[in-house]
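Please look through the model shown here. The paragraphs that follow take up its contacts and helix packing.

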Amino acid sequence: MSETLNLNEPHPAIKSAIAYLGKMSEMKLMQHREAFASCAIEGNRLAEICIGTINRLLKKEPVSDRYLLGLVWTLRDMEEKE
């Protein structure tokens with residue numbers, strides 16, 4: 001048993017992250033995208049990364065599990081604070 005992911009092995013939590021995004025309405029995702037855009041203009045690095053990830057998802061471009069997990073973690077954190 002190894003606690004290190006093999007090369008090209010996705011993180012086991014990625015299925016849960018994808019399911020979370022799949023349950024989010026497109027309108028809600030776009031609201032978050034706009035919030036990230038506003039923060040990114042101010043130089044917020046987290047917002048820059050999250051909006052880039054959302055844009056790649058919307059364009060159906062590849063997104064690594066690392067970026068997807070970070071996005072979902074941030075979205076869940078934002079949802080909890082609402």
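In this predicted model, the charged end of Arg56 lies over the ring of Tyr67, at 5.1 Å from the ring centre. A charge counts as sitting over a ring when CZ of Arg is within 6 Å of the ring centre and within 35 degrees of the ring normal. Aromatic pairs are another matter: a search of the whole structure returns zero of them.

Arg56 and Tyr67 also belong to a helix contact, Arg56 on the side of H3 and Tyr67 on the side of H4. The other H3 residues in this contact are Leu46, Ile49, Cys50, Thr53, Ile54 and Leu57, and H4 adds Leu68, Leu71 and Thr74. Sorted by class, the contact of H3 with H4 comprises eight nonpolar residues, two polar and one charged.

How are the two helices arranged? Two packed helices are described by the angle between their axes and by the distance between the axes. Helix H3 covers residues 45–58 and helix H4 covers residues 65–81; their axes are 10 Å apart and make an angle of about 115°. Angles of 65 to 115 degrees count as roughly perpendicular, so H3 and H4 are roughly perpendicular to each other. The crossing of H3 past H4 is left-handed.

A further point of reference is Pro10, in the segment before helix H1 (14–23). Leaving aside residues up to four places away in sequence, Pro10 touches Leu5 and Asp65. Leu71, one of the H4 residues that meet H3, is 61 residues from Pro10 along the chain, and the C-alpha atoms of Pro10 and Leu71 are 16 Å apart.

Definitions and conventions: Residues numbered from 1 in each chain as written. Predicted model: local features only at pLDDT ≥ 70, side-chain atom pairs only at ≥ 80, totals over all residues. Heavy atoms only, no water. Axes fitted to C-alpha atoms, helices over the stretch in contact; angles between N-to-C directions. Helix = DSSP H or I, 4+ residues; strand = E, 2+ residues; numbered from the N terminus. Parallel < 35°, antiparallel > 145°, perpendicular 65-115°, else oblique. Left-handed = near helix turned anticlockwise from the far one by under 90°. Contact = heavy atoms within 4.5 Å. Nonpolar A, V, L, I, M, F, W, Y, C, P; charged D, E, K, R; others polar. Phe/Tyr/Trp six-rings, centres within 6.5 Å; stacked < 30°, edge-to-face > 60°.
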